[in-house]
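Trainee: I have the sequence and the structure open side by side, and I would like to go through them slowly with you. Could we take one topic at a time?

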Amino acid sequence: MDVYLGVDVGSVSTNLVLIDRDNRVLAFEYLRTRGQPIQAVQEGLKLLEQKMPSGAVVAGVGTTGSARTLAGVVVGADTVKNEITAHAVAAGLVVPGVQTVLELGGQDSKIIILRHGVVIDFAMNTICAAGTGSFLDHQAARLGIPIEEFGTLALRARNPVHIAGRCSVFAESDMIHKQQIGHPIEDIIAGLCDALVRNYLNNVGKGKEILPPVVFQGGVAANVGIKAAFEKALQMEVHVPPHHLVMGALGAAYLAQSAVAKKGATNFRGFSVSDFDYQTSTFECKGCPNICEIVNISLDGTLLARWGSRCGKWEHLEEQQ
Amino acid sequence: MKIGYGHMGTLTMVVELLLEELGHEPVVPHRPTRQTLALGAKYAPEFACIPFKIVLGTYLECLERGADTLLSGGGYGPCRAGMYGEVHGRILRDLGYNPQVIFLFPPLIKPYHFFKKVSLLKGRCSWFHLARAIRKAWTKLTFLDQMELLSQTKRPRELTRGATSKAFERGLTYLHQAKSLNEIIEAGHAALAELDQVPVDPAADPLKVGIIGEIYVQLEPFANHYIEETLGHLGVEVRRSIYLTSYTRHDVLSTKGDMSSRSLAMPYLNQKIGGHGQNSVGDVIRYAKLGYNGVVQLAPFSCIPEIVAKSLMPYLSKKYGIPVLTLFIDEQTGPTGIQTRLEAFVDLMEQRRAQTREGARMQTGSAV
């Protein structure tokens, strides 16, 4: 049986998904990246290998996320795709006819507008990370509430308080202030959910025509409080797909399937890459005033890839060796 | 005079030629680097826009290399860029430098002022000599624009990634060395031939994207994270709404600005709001009418004219059926973020094009 692997290495989490030819999810892994993308991919592969159905063969692999290029080298990707396209593709697979994708990840948030199955507009947060997973994590930890229960608590609120959600630091000050004057914790959490949704819609969602069906994905979609806040603000139903955590990886796996269909064979290095010893090193090129930071990726001492130079002079490995 | 000035794309070598012709010693600015920006950001007000910071950094580098005079194009309101020369001068004086600062205002707005400044720069050269120098400079500029246009066409079609950029750089050195009018013409043709020889894939079918927005971030590749090259390597043929020769004709010499984009903008924004705000509105419409696949609006973070233009983009994009990606740029902008957005934007345009073609095919199919 041919299966396809999708790998999404983001700032906070690394997700891997295995799908079959009919795009059904066979297995997935969700791990923290912890600033070590290569190790996270290797660990994820090790875990995923144990979940491989018997007789399954990986016939294609795609990578996405902010470390997509790096992950692509490590696993031998057939396609390396940006996370906006990967998320849009996945949403279209799971909810056919989707017109709006809301995605809240670890440190980024995006909105994707589709019409007739085609992306027509998108936006990604630029200067502000308020409202993303990292901030919610931090607040949950500060309040001593497991992040899993954060959303359910918000739903119990009777009178959500108003929190200034424009900036995550000021939001925190405001929350502390609301705690100090005695508001119940549920009301503060619900207020925070409202504030984050408001900030998202005013920033990332500014000027976008949000039409149903709306799909909400990314790590934060697990938070029922945020989902409820979206439904309240948008006055429409918001779908959270079952594999909302790993939608980027799902999109990458699907794209790998079409890439392999076009080129014939996969470049997948095999699950054994989890035991390989990859090394990365960097140096500053002093060839011109651009001072590019060049990254080397090597496997057991052999250079696999190198990037980062503007002029491309370091990227032709044969010439260098 | 030892004259330093801001670096803005290919204009840099043209200013160098002009100053040399007039008997000055130009302190030719280097291409801006991260250090230039860091230097500018350190001494600029935090909320000044990125062109201000890069140019300030460049001035400081020129002064360190011995410039005693700084030359700048002045602006006029309502965009705050009109005040930038003055603010730059004050910051530099506060830092203990004391350069003579020369701002050239657009000739038709402040004719006397312009005349005085030009006379100062002209020095003891005759007016005839000045006219000849301008003719040389203009010829060089025209070739540089042609080179940029040709490289924009070639890049998405090149067989070897980077070949066009390399040929372009070689062409720049030819033109840089050329000083007499004959040499300039010869070098210009050689540079164009160099680009012409870049092998291309005849079957390539690139998307077409118009780049619009504020002039400095359009023209200085460092400021826009080399967007022309990035898009070119993603298989996109780009055109900018501003090329120096057309800009000089329309924006510097005429007080009315670029007529075509201005009249297109009229129904939506009926007055100049400073900078290139009104142009951006008209340019989107023009590119849509020309059948482009998309538009990228480049804007320095906190640039009011471009913010006003941006607020019209969702409406114009829908009405004229053209995707628009707005990129706000400041010193915090990371190249990865820009790359991700551009890649996604290219995917979006490709999908749209495939869908439109499919639709057209189906229609002709059913007609038969």
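Trainee: To start with the cysteines, how many disulfides are there over all chains?

Mentor: Please keep in mind throughout that this is a predicted model. The count over all chains comes to zero disulfides.

Trainee: Then why is Cys49(B) in no disulfide?

Mentor: The nearest cysteine sulfur, which belongs to Cys303(B), is 6.4 Å away, and because a disulfide needs two cysteine sulfur atoms within 2.5 Å, that pair does not count.

Trainee: And is Cys49(B) buried or exposed?

Mentor: Cys49(B) is buried, with a relative accessible area of 8%, and in chain A you can also look at Cys193(A), which is buried at 1% relative accessibility.

Trainee: New topic: what is the strand order in the open sheet of three strands in chain A?

Mentor: The order is β11-β12-β13 in chain A, and the pairing is antiparallel. The edge strands are β11(A), residues 278-284, and β13(A), residues 302-307, each of which pairs on one side only. From one strand to the next, the twist averages 25°.

Trainee: How many bridges are there between β11(A) and β12(A)?

Mentor: There are seven bridges between β11(A) and β12(A), the latter covering residues 293-299; if you want to find one of the bridge partners on your screen, look for Phe283(A), whose partner in β12(A) is Ile294(A).

Trainee: Which helix lies across those strands?

Mentor: That is α2 of chain A, residues 68-75, which lies across β11, β12 and β13 and runs at about 160° to β13(A).

Trainee: Can we move on to β6(A)? Why is this strand described as largely enclosed?

Mentor: Strand β6(A) covers residues 100-104, and five of its five residues are buried, so the strand is largely enclosed by the rest of the structure. Thr100(A), Leu102(A) and Leu104(A) point one way from the strand, while Val101(A) and Glu103(A) point the other way, and all of them are buried.

Trainee: Which strands are joined to β6(A) by bridges, and in what sense do they run?

Mentor: Five bridges join β6(A) to β7(A), residues 109-115, and these two run antiparallel, whereas four bridges join β6(A) to β9(A), residues 214-217, and those run parallel. A hairpin of four residues makes the connection from β6(A) to β7(A). In terms of residues, Leu104(A) stands opposite Ser109(A) in β7(A), and Leu102(A) stands opposite Phe216(A) in β9(A).

Trainee: Phe216(A) is aromatic, so which cluster is it in?

Mentor: Phe216(A) forms one aromatic cluster together with Tyr200(A) and Phe230(A). Over all chains, a search of the whole structure finds nine aromatic pairs. Among them is Phe276(A) with Tyr278(A), a tilted pair at 6.3 Å centre to centre with 45° between the planes.

Trainee: Are those two rings' residues buried or exposed?

Mentor: Phe276(A) is partly exposed, with a relative accessible area of 28%, but Tyr278(A) counts as buried at 9%.

Trainee: One last residue: where does Ala259(A) lie, and what does it touch?

Mentor: Ala259(A) lies in helix α9 of chain A, residues 247-263, and leaving aside residues up to four places away in sequence, Ala259(A) touches Asp78(A) and Thr79(A). Ala259(A) counts as buried at 18% relative accessibility, because the cut-off for buried is under 20%.

Methods:
Residues numbered from 1 in each chain as written. Chains lettered and ligands numbered in written order. Predicted model: local features only at pLDDT ≥ 70, side-chain atom pairs only at ≥ 80, totals over all residues. Heavy atoms only, no water. Pairing = 2+ DSSP bridges. Axes fitted to C-alpha atoms, helices over the stretch in contact; angles between N-to-C directions. Contact = heavy atoms within 4.5 Å. Phe/Tyr/Trp six-rings, centres within 6.5 Å; stacked < 30°, edge-to-face > 60°. Buried < 20%, exposed > 50% of the residue type's maximum accessible area, 1.4 Å probe, protein only.
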